[in-house]
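Here are a few exercises to work through with the structure open beside you. Try each task before you read its solution.

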Amino acid sequence: MDEEKGVYIYANLLDVNQDGKIDLISFLDPQGRGIAVAVDRVSDGMMDQIHVFQDVTGDGKLDMDDKRLIEREAIKLFKRQDLK
């Protein structure tokens, strides 16, 4: 039987300039350690900067796969209009 593997990521959504849009998403692991930060610097509702700090895919290295995973999740969150 194949065991499913995955990663739990918590996201804090911040509206720094209080314009009703997400400006910054900080991603944390279950222990509260920072994983990544995604930023909308120009407040247009689109992510324009991302910083990944640790391996999230579980392959033991920090690489483009980690960036893509965080980027994919950040884009989903930035697009959500119902989040406050």
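**Exercise 1.** In this predicted model, find the strand that holds V39, then decide whether V39 is buried or exposed.

*Solution.*
Step 1: Look at residues 34-39, which make up strand β3; V39 lies in this strand.
Step 2: Take the relative accessibility of V39, which is 15%.
Step 3: Compare that value with the cut-off: buried means under 20% relative accessible area. V39 therefore counts as buried.
Step 4: See what surrounds the residue. Setting aside residues up to four places away in sequence, V39 touches D23, L24, M47, D48, Q49 and F78.
Step 5: Now look at I25. This residue and V39 are 14 residues apart in sequence, while their C-alpha atoms are 6.5 Å apart in space.

**Exercise 2.** Describe the sheet: what is the order of its strands, and which strands stand at the edges?

*Solution.*
Step 1: Trace the four strands of this open sheet, and you get the order β1-β2-β3-β4, with antiparallel pairing.
Step 2: Find the edges. β1 (10-14) and β4 (49-52) each have a single partner strand, so one side of each is left without a neighbour in the sheet.
Step 3: Add the twist, which averages 15° from one strand to the next.
Step 4: Zoom in on the pair β2 and β3: these antiparallel strands are joined by five bridges. In one example, I25 has A38 in β3 as its bridge partner.

**Exercise 3.** Go to the loop between β2 (24-28) and β3 and find D29. Which polar contact joins its side chain to that of R33?

*Solution.*
Step 1: Check the accessibility: D29 has a relative accessible area of 7%, so D29 is buried.
Step 2: Follow the side chain of D29 to the side chain of R33, where a polar contact of 2.7 Å joins the two.
Step 3: Look for a backbone partner as well. A polar atom of the D29 side chain lies 3.0 Å from the backbone nitrogen of Q31.
Step 4: Leave aside the neighbours within four places in sequence, and D29 is in contact with Y8, Y10, I35 and Q54.

**Exercise 4.** Work out how helix α1 lies on the sheet, and then place E73.

*Solution.*
Step 1: Helix α1 covers residues 64-79 and lies across β1, β2, β3 and β4. Its direction is at about 130° to β2.
Step 2: E73 is part of this helix. With a relative accessible area of 23%, E73 is partly exposed.
Step 3: Compare E73 with A11: they are 62 residues apart in sequence, and 9.4 Å apart in space from C-alpha to C-alpha.

Conventions. Residues numbered from 1 in each chain as written. Predicted model: local features only at pLDDT ≥ 70, side-chain atom pairs only at ≥ 80, totals over all residues. Heavy atoms only, no water. Helix = DSSP H or I, 4+ residues; strand = E, 2+ residues; numbered from the N terminus. Buried < 20%, exposed > 50% of the residue type's maximum accessible area, 1.4 Å probe, protein only. Contact = heavy atoms within 4.5 Å. Polar contact = N/O pair within 3.5 Å; in protein donor to acceptor, adjacent residues only side chain to side chain. Pairing = 2+ DSSP bridges. Axes fitted to C-alpha atoms, helices over the stretch in contact; angles between N-to-C directions.
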